Amino acid sequence: MGVVIIDGSTVKDFVSDEEQFNKSVDERFAALDLNNDGVLSKSELRKAFESLRLLETHFGVDVATPPEQLTQLYDSIFDKFDCDHNGTVDLPEFRSELKNILLAIADGLGSCPIQMVLEDDDESFLKKAADLEAAKLDGGSQAKAN
């Protein structure tokens with residue numbers, strides 16, 4: 001377990017680093033594409049969001065949300081990802097919407113740093129953003145030492 005400190009610039013730098021961002025998003029997409037057909041179905045994307053438990057908890061406390069309301073919420077999330085409305089989410093759509101979400105998080109954070117406690121095996125995009133920033137800082141420190 002570790003603690004990282006990030007702000008909006010950490011997240012924006014991660015999204016701006018196309019190589020790292022695309023690699024991370026592509027890995028997540030592949031993990032979510034359970035049947036390996038190259039697109040995400042509504043059920044595959046719903047499983048991903050259910051695992052995050054964002055809609056079933058309020059600040060970590062379970063809340064009773066009626067199943068039909070959850071389905072409505074998950075369907076609306078899917079519709080945001082499915083830009084061409086063909087019933088599936090392909091990799092470019094997934095990348096585009098995740099970029100929008102992360103940039104909205106970055107805007108919300110602004111220059112106010114926050115602390116996050118993360119498990120060592122955490123594979124979240126915010127953890128990857130923090131790792132990228134740490135690697136840049138370590139690289140700069142080593143360059144100054146040489």
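This is a short walk through the structure above, from its overall layout to its side-chain pairings. Please keep in mind along the way that the model is predicted.

Let us start with the layout. The chain is built from six helices and six strands. Reading from the N terminus, you will meet them in the order β-α-α-β-α-β-β-α-β-α-β-α. Contacts over long stretches of sequence feature strongly here: among contacts with a separation of 6 or more, 68% join residues that are 24 or more positions apart. Of the 146 residues, 30% count as buried. The accessible surface comes to about 9100 Å², and carbon and sulfur atoms contribute 55% of that area.

Now for the aromatic side chains, which form three pairs in the structure. One of them brings together Phe14 and Phe21 in an edge-to-face arrangement, with 5.8 Å between the ring centres and 75° between the planes. Both partners of this pair are shielded: Phe14 is buried at a relative accessible area of 1%, and Phe21 is buried at 2%. Elsewhere, Phe29, Phe81 and Phe94 are joined into a cluster through ring pairs.

Turning to the outside, look for Val3, Ile5 and Val117, which make a nonpolar surface patch of about 290 Å². Val117 belongs to strand β6, which covers residues 114-118. With a relative accessible area of 56%, Val117 counts as exposed because it passes the 50% cut-off.

What about the cysteines? A disulfide is a covalent bond between the sulfur atoms of two cysteines. The structure holds zero disulfides. Cys83 is partly exposed, at 43% relative accessible area, while Cys112 counts as exposed, at 52%.

The charged side chains have more to show. Side chains of opposite charge can pair when their charged atoms come close. In this structure, a search of the whole model finds six salt bridges. One of them joins Asp26 and Arg95, with 2.8 Å from N to O. This pair links distant parts of the chain, 69 residues apart: Asp26 sits in helix α2 (residues 18-32) and Arg95 in helix α5 (residues 91-109). Asp26 is partly exposed, with 26% relative accessibility, and Arg95 is likewise partly exposed, at 26%.

A second link between helices comes from Asp75 and Lys42, whose closest N and O atoms are 3.8 Å apart. Here too the pair links distant parts of the chain, with Asp75 in helix α4 (residues 67-81), Lys42 in helix α3 (residues 42-52), and their positions 33 residues apart. Asp75 is partly exposed at 25% relative accessible area, and Lys42 is partly exposed at 40%.

Which salt bridge lies within helix α6? Asp131 and Lys127 meet there, at 2.9 Å from N to O. The two are four residues apart in this helix (residues 125-145), so about one helical turn separates them. Their surroundings are worth a look: Asp131 is partly exposed, with a relative accessible area of 36%, whereas Lys127 is buried, at 15%. Lys127 counts as buried because its value falls under 20%.

Finally, Lys23, Glu27 and Lys128 are linked in a network of salt bridges. Looking back over the charged pairs, helix α2 is tied to helix α5 through Asp26 and Arg95, and helix α4 to helix α3 through Asp75 and Lys42.

Key:
Residues numbered from 1 in each chain as written. Predicted model: local features only at pLDDT ≥ 70, side-chain atom pairs only at ≥ 80, totals over all residues. Heavy atoms only, no water. Buried < 20%, exposed > 50% of the residue type's maximum accessible area, 1.4 Å probe, protein only. Contact = heavy atoms within 4.5 Å. Areas by Shrake-Rupley, 256 points an atom, 1.4 Å probe, with all protein chains shown as cover. Phe/Tyr/Trp six-rings, centres within 6.5 Å; stacked < 30°, edge-to-face > 60°. Patch = residues over 30% accessible without salt bridge, like charges linked within 9 Å, V, L, I, M, F, W, Y side chains within 5 Å. Salt bridge = Lys/Arg side-chain N within 4 Å of Asp/Glu carboxyl O. Disulfide = S-S within 2.5 Å.
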